[in-house]
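Good morning, colleagues. Please take a moment with the sequence and the structure before I begin.

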Amino acid sequence: MNVIPTDIPGVLILEPHVFEDTRGFFMESFNQRIFDDAVGQHHEFVQDNHSRSRKGVVRGLHYQLAPHAQGKLVRVTRGRVFDVAVDVRRSSPTFGRWVGAELSEANRRQLWVPPGFAHGFMVLSEHADVLYKATAYYVPQSDRCIRWDDPDIGIAWPPIDVEPQLSAKDLAGTRLVEAELFA
Ligand SMILES: Cc1cn([C@H]2C[C@H](O)[C@@H](COP(=O)(O)OP(=O)(O)O[C@H]3O[C@@H](C)C(=O)[C@@H](O)[C@H]3O)O2)c(=O)[nH]c1=O
């Protein structure tokens with residue numbers, strides 16, 4: 001597996017080794033040992049999620065408060081998304097900074113979003129299936145949302161030719177300055 005560091009320590013782009021032949025391809029989409037080696041830490045994954053969205057859909061920026069913080073290993077099996085991690089740990093030297101990566105069916109890249117980060121994505125293709133593993137269970141009372149377009153974060157979302165579409169919850173997301181965060 002190819003491990004690509006990003007501008008934020010701890011956030012990684014992972015490229016599994018793909019074996020192509022005349023039948024198609026094979027890859028290990030997750031291997032605990034290889035993952036632990038790449039991240040330099042052991043994480044237990046307890047939930048696998050799958051969402052389908054149409055072009056222009058933006059989900060995020062979501063995180064769960066401690067002790068329910070989730071690390072997420074995100075990949076795309078259909079279409080293309082711009083996937084983003086935002087450091088929401090107040091005491092972090094990279095607090096408030098974001099990293100974005102295009103994840104697609106074609107590049108088979110995965111983004112490791114560690115606990116303590118908010119996560120979101122924008123769908124760039126007609127449809128996208130996003131699959132992600134999480135290190136903690138969903139706890140709705142601990143779920144928080146920061147605005148996808150918070151100017152203090154300033155995510156450079158790619159230009160798209162449709163209106164962004166968000167859930168009511170995401171439209172009501174808070175600004176980073178007002179958010180309940182990690183210490
Ligand atoms: C996230 C989640 C939602 N749900 C339910 C609650 C709700 O009725 C329905 C849709 O939930 P949401 O609108 O929160 O789904 P969504 O906006 O797709 O939320 C997800 O966004 C991405 C960016 C993430 O990083 C995820 O952790 C998660 O927060 O699914 C679960 O049962 N389990 C879960 O783990």
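I shall go through the sheets, the nonpolar core, the ligand shell and, finally, one arginine. Please keep in mind throughout that this is a predicted model.

Let me begin with the sheet of six strands. This sheet is open, its pairing is antiparallel, and its strand order is 1-2-10-7-12-5. At its edges are strand 1, residues 2–5, and strand 5, and each of these pairs on one side only. Averaged over the sheet, and with direction ignored, neighbouring strands are turned by 25 degrees against each other.

Two pairings in this sheet deserve detail, and both involve strand 12. Strand 7, residues 72–78, runs antiparallel to strand 12, residues 127–134, and six bridges join the two. Within that pairing, V76 stands opposite V130 of strand 12, while K72 has A134 of strand 12 as its bridge partner. Strand 5 is also antiparallel to strand 12, and here eight bridges make the connection. S53, for example, has A128 in strand 12 as its bridge partner.

I turn now to the sheet of five strands. This sheet, too, is open and antiparallel, with the order 9-8-11-6-13. Strand 9, residues 98–104, and strand 13, residues 143–145, each have a single partner strand, so one side of each is left without a neighbour in the sheet. The average turn between neighbouring strands of this sheet, direction ignored, is 25 degrees. Strand 8, residues 80–87, is joined to strand 11 by seven bridges, and the two run antiparallel. In this pairing V84 stands opposite G120 of strand 11.

What, then, does the largest nonpolar core look like, and which residues have the most contacts inside it? The core has 41 residues, and those with the most contacts inside it are V81, V84, A85, V86 and F117. Strands 2, 6, 7, 8, 9, 10, 11 and 12 each give two or more residues to this core. As a general remark, nonpolar side chains in soluble globular proteins tend to be buried together. Taking V81 as an example, and leaving aside neighbours within four places in sequence, its contacts are V76, L103, F121, M122, V123, L124, A128 and V130.

Next, the ligand. Its surroundings consist of N49, S51, R59, G60, H62, K72, H119, G120, F121, Y138, S167 and K169. Strand 5 (47–54), strand 6 (58–64) and strand 11 (117–123) are the elements that give two or more residues to this shell. By class, the shell has two nonpolar, seven polar and three charged residues. Two of the names should be familiar by now: K72, the bridge partner of A134, and G120, which stands opposite V84.

I close with R144, which is found in strand 13. Is this residue buried, exposed or partly exposed? R144 has 16 other C-beta atoms within 10 Å, and is therefore partly exposed. Apart from neighbours within four places in sequence, R144 is in contact with Y63, L65, A179 and E180. D161 lies 17 residues from R144 along the chain, and the C-alpha atoms of the two are separated by 29 Å.

Thank you for your attention.

Key
Residues numbered from 1 in each chain as written. Predicted model: local features only at pLDDT ≥ 70, side-chain atom pairs only at ≥ 80, totals over all residues. Near = placed C-beta within 6 Å. Helix = DSSP H or I, 4+ residues; strand = E, 2+ residues; numbered from the N terminus. Nonpolar A, V, L, I, M, F, W, Y, C, P; charged D, E, K, R; others polar. Pairing = 2+ DSSP bridges. Axes fitted to C-alpha atoms, helices over the stretch in contact; angles between N-to-C directions. Core = buried A, V, L, I, M, F, W, Y, C linked by C-beta atoms within 7 Å. Buried ≥ 20, exposed ≤ 12 C-beta atoms within 10 Å, placed from the backbone. Contact = placed C-beta atoms within 7 Å.
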